[in-house]
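Got the model open in your viewer? Let's take a walk through it, one selection after another.

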Amino acid sequence: MASAQSAVDDNTGTAEIIVTAQRRSETLQSVPIAISAFNAAAIDKQQIRNTSDLQLSLPNITFTKTNFTSSSFTIRGIGDLCTGSSCDQATGIHINDAPLLGSRIFEGEFFDMAQIEVLRGPQGTLFGRNATSGVVNLKTARPDLSGGIHAAGEAEYGNYNGVRIKGMLNVPLTETLGVRVAGFYLNRDGYTKNLFDNSRIDGRNMYGLRGSLRWEPSSDTTVNFMAQYFDEDDNRLRSQKQVCNTDVSGVAGCLADKLGTGFQNGNATVFQILSSKEFYNIAGLPAALQGLALGSIYGRDPFAAAKNPTDPRVVNTDYNPTYRTNELIIQGSVEQQLGSGLQFKLSGNYQKTNLDSTQSYNQAIQDRSVMQPALNTLAALAAGAGGTTLQNYLGPIANALMPDGPNGKLCTSLPENTGTGVFSGHSVCGNTPISLDRSNQHSSNWSVEGILSSKWDGPFNFLLGGIYDHYVLKPQDYFANSFALDYASGVLGGIFSSGAGLPIKPGQSYFLASPYYRSNQELRLSSYGIFGEAYYDVSDAVKLTIGLRYNHDKKDAHARTTLLNDTKGSFLFTQTGAGSITEALGYSNVDFDPNAPGNQEFSDISTTFRALTGRAVLDWKIAPGHLLYASYSRGYKSGGINPPLSPIFSVPNSFKPEFVNAFEIGSKNTFADGKLTLNLTAFYYQYKDLQLSRIVARTSVNDNVSANIYGLEAEAIVRPMPELTMNFTASYLHTKVSEDKFLGNPRDFAGGRTDAVLIKDVGNAANCAVSANNGTQASAVAFVNQANALINAGSIPGIQAGTGLKDATQFPAGSGINAAGAYSVCDVLKAVAPTLGAAFGGITFGTPSTGAPGIDVNIKGNKLPGAPEVKLSGGVQYVAKLGSSTLTPRVDVIYTGKSQGTIFNGAVNELPSYTQVNAQMQFDGPGDKWFVRAWVQNLFDENPITGLYVTDQSSGNFTNIFTLEPRRYGLTAGFKF
């Protein structure tokens, strides 16, 4: 479907857009595919500077940043809902027809583009690796051999001290050889204010460079070469804001009724639980040492005093982000006319990407006074108050955590690969207990593709091609840490290593733990596809297209997760080094061994996916300027490998590929000699095994679910007079999960049940739930209270008496959680439910049919996330002649309806509708040799949420939200010759 926006080529007329959606040059209005295309002039006129701008004026398309430095470009309700290194992109991202994997290209700026094409619907027959939702194809400007030297440049200054510079130089060296260089630079202050140090964060400092070469040694041969480099070094935020409706009990961390404007209860987090009095009791510390606990799960919420500003562009956090990324793309292609109407194209693509990003894990600043008594106790023991043995072991730990004493700075581990952090000098220190996370990855990708096609005069033509793609991600790490984890690692490791009168298990040795959570993954992908299409002209007006593709994807993953201790309760080894604490403790010969007792070993999983897909299209030119088509296409996206879980719960190692059967009818029409262009599309999708992500035990796990999707799209250009152009788009989208699918809702593991008790596990900060077989909450509550009494009495093997767990309490009315809540130990509840539960009419732990720790809910009938039912956009511009110059005002209005942020739907997950208005006024000098433009984007300073990510229970279920950019305005001046 032609995009209304694509038609405006200059200030006076309409250009015919040529696209390569079917791997051959065709006019946009003659291609029987739903496609929108923006040429260079349209990109400027509609202020399309990056991907976030691109999605605004496209029907049934949304874009949002997502967690872990990724993003999702969603087409017709299908986006990148899968999370993990082995997940394929639902939307294929291409540059000059070549597929990119894990690219940072959406973080930069569009510069010196010839065209941007967005294809809606499965495009597996022709494009790269199979894509289920569609393809974004960025076409860079090639060297122009037709004339002399050409150049263009522009400079811009806007609010937030924004400076943007773009430039291009095109030089034909001979009649057959030319070069083109282009680049951009962007520097601006941050959109977000940090009240903690009065700084601006989420700023930009980036640049991109591109060099292109074109050689045409003969009329039958064309050689293209392109190299592009992107670099960013700034304080970009990966997630804009953390929000929560605080749960005062701490069992849930955040309530499930609304996003709220607070923070999670700190007592619900793994950081606080593993350093709490109750956990220390479970770990076996005697009462004399429990003064080292940073707090109690029933004590003061360490985040209670933290203030979360209601403005999404204002935060108060003690750790500012860092963001460093670069990407190199090198491409080459040869197009050769073979004679007899045949053409062969051979192309290659190489891509190398590096990324390293850190930011505050909890934007809440922890109240240091809550932990101060424990800090004082640690300092006293380190000074000898507990005897020489404890002094020898705790002294180095206290010096690492509090080098200036208990009232001075506190040091937190910088997440790094040795696993030693603060205990080997890798630390960041401040007056507050800092928490932070880090996401980094290094990847390379190369592909080669060959296509043979015909352009015969007869009724039959064909295209035959093959592609091989090799991708290596090594490594991809995600770290999360806080001072409390460092404290737990050091104090528990030191005490247990010292013995200090503790009950040591026979044959068991104890060491310092790895002080932070780390998910470490490496991935190798080998993929190839063989594809072809046949085109047959049934008549002068009717054409039939048949396409097939064979897909083969092999994935090998090498991965693990670590956090402090495993299920055996033994503490992990740390790598030693000169002067390290492990050396001071007498373990100078101990190295970090991933296969040592107490460490989770790497898991090595290999899996292969194969699929046959294709499409069939019948198009009919019912009259000049009017095309009607109907199509069927089958899309495929390969499955993947779930990251290894922290050893708490069990889920499948891999997830299945997804398939979509897509049916579409469309009409492309031009009326009144081009004064009106109207394109209409209707589609219906049968989706099988759509990949969805949720957090389980601190790890992103992907599930499969089936769904039905249907919708309508309309695009129009109206030009009643040459000076006036109006463009409109409208779309409707209906998405629904079509099968019975039971999953645990991360916000409420009790599944909305009124006869259940939601449990926060004191041993690992996970959640679980129990319910009463007689349907009464009182029975479930009584069971949990009795089990806690047994734990407190020391009647459970491995848990000493005096743990101090309290009775269950009711969540407040309207909290979104109907269950009661309690702290307990999930493994104990599961073990005693069959016997002790009988006294209370029978108790069910979690969901027995799936082994899930929570009570699963059926998501059948729910809407897919990121799929607004309604999108509308309209733009108008008028070209006023002022002698040999022109003045062109333009206004664009975009409305995006409400949608859902997760598959579990509900008010807490709803993304409200929003409207954005952009406007500009451009004065072009004589001959369009120079221009001056005043512009504004997001005129009314809307801050709509485009996506959200719910963290897991061990982080307290807070939500990361992602928003559009705030209001920007400025002045741009440029030239071209």
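Keep in mind that this is a predicted model. Begin with the largest nonpolar core, which has 90 residues. To find your way in, select Y280, L292, L378, L401, Y487, V757 and F783, the residues with the most contacts inside this core. Then colour helix α7, residues 483-498: the largest share of the core, nine residues, comes from there.

Stay in the big core and centre the view on F783. Which residues is F783 in contact with, leaving aside its neighbours within four places in sequence? Show V770, L829, V832, A833, L836, G837, F840 and I843, and you have them. Now look for a second core, separate from the first, with 23 residues. F38, L54, I75 and F110 are among them.

**Along helix α7**

Go back to α7 and show its surface exposure. Of its 16 residues, 16 are buried. Try the distance tool on the C-alpha atoms at its two ends: they are 22 Å apart, which agrees with the 22 Å that 16 residues should span at 1.5 Å a residue. Just past the helix, click on G499, where phi is positive, about 85 degrees.

**Rings against rings**

Next, show the aromatic side chains. The structure holds 22 aromatic pairs. Start with Y160 and Y191, which meet edge-to-face, with 4.9 Å from centre to centre and 75 degrees between the planes. Y160 sits in the loop between β10 (150-158) and β11 (162-172), while Y191 is in the loop between β12 (177-188) and β13 (192-194), so this pair ties together parts 31 residues apart in sequence. Is each ring buried or partly exposed? Y160 is partly exposed, at 23% relative accessibility, and Y191 is buried, at 5%.

Move on to Y207 and Y229, a tilted pair with 6.2 Å between centres and 45 degrees between planes. Here strand β15 (residues 204-218) supplies Y207 and strand β16 (residues 221-234) supplies Y229, 22 residues apart. Y207 is partly exposed, with a relative accessibility of 32%, and Y229 is partly exposed too, with 28%.

For a cluster rather than a pair, select F63, F73 and F106, which are linked by ring pairs.

**Charges over rings**

Add two arginines to the view. What does the charged end of R210 sit over? Bring up F111: the charged end lies over that ring, 4.1 Å from its centre. Then try R236 with Y323, where the charged end sits over the ring at 5.3 Å from the centre.

**Three disulfides**

Finish with the cysteines. How many disulfides does the structure hold? There are three, and you can visit them in order along the chain.

Select C244 and C254 to begin. Their sulfur atoms are 2.0 Å apart, and the link is left-handed, with -120 degrees about the S-S bond. C244 and C254 both lie in the loop between β17 (241-243) and α3 (270-273), 10 residues apart. Both cysteines are buried.

Now jump to C411 and C429, also joined by a disulfide with 2.0 Å from S to S. The torsion about this S-S bond is about 100 degrees, so the disulfide is right-handed. C411 belongs to strand β21 (residues 410-413) and C429 to strand β22 (residues 427-430), 18 residues apart. Turn the surface on to see how the ends are placed: C411 is buried, with a relative accessible area of 2%, whereas C429 is partly exposed, with 34%.

The last stop is C768 with C826, a disulfide with 2.1 Å from S to S. Its torsion about the S-S bond is about -100 degrees, so this link is left-handed. Colour strand β37 (residues 767-772) for C768 and helix α10 (residues 826-836) for C826; the pair ties together parts that are 58 residues apart in sequence. C768 is buried, at 0% relative accessibility, and C826 is buried as well, at 3%. While you are here, bring F783 back into view, since its contacts include V770, L829 and V832.

Terms used: Residues are numbered from 1 along each chain as its sequence is written. This is a predicted model: local features need pLDDT of at least 70, side-chain atom pairs count only at pLDDT 80 or more; totals for chains, interfaces and linings use all residues. Side-chain values use heavy atoms; hydrogens and water are left out. A nonpolar core is a set of buried Ala, Val, Leu, Ile, Met, Phe, Trp, Tyr and Cys residues joined through side-chain atoms within 4.5 Å. Buried means under 20% relative accessible area, exposed over 50%, partly exposed in between (1.4 Å probe, protein chains only). Helices (H or I, at least four residues) and strands (E, at least two) are DSSP runs, numbered from the N terminus. Contact means heavy atoms within 4.5 Å. Rings of Phe, Tyr and Trp (its six-membered ring) pair if their centres lie within 6.5 Å; planes under 30 degrees apart count as stacked, over 60 as edge-to-face and the rest as tilted. A charge sits over a ring if NZ of Lys or CZ of Arg is within 6 Å of the ring centre and within 35 degrees of the ring normal. The expected span of a helix is 1.5 Å times one less than its number of residues. A disulfide is a pair of cysteine sulfur atoms within 2.5 Å.
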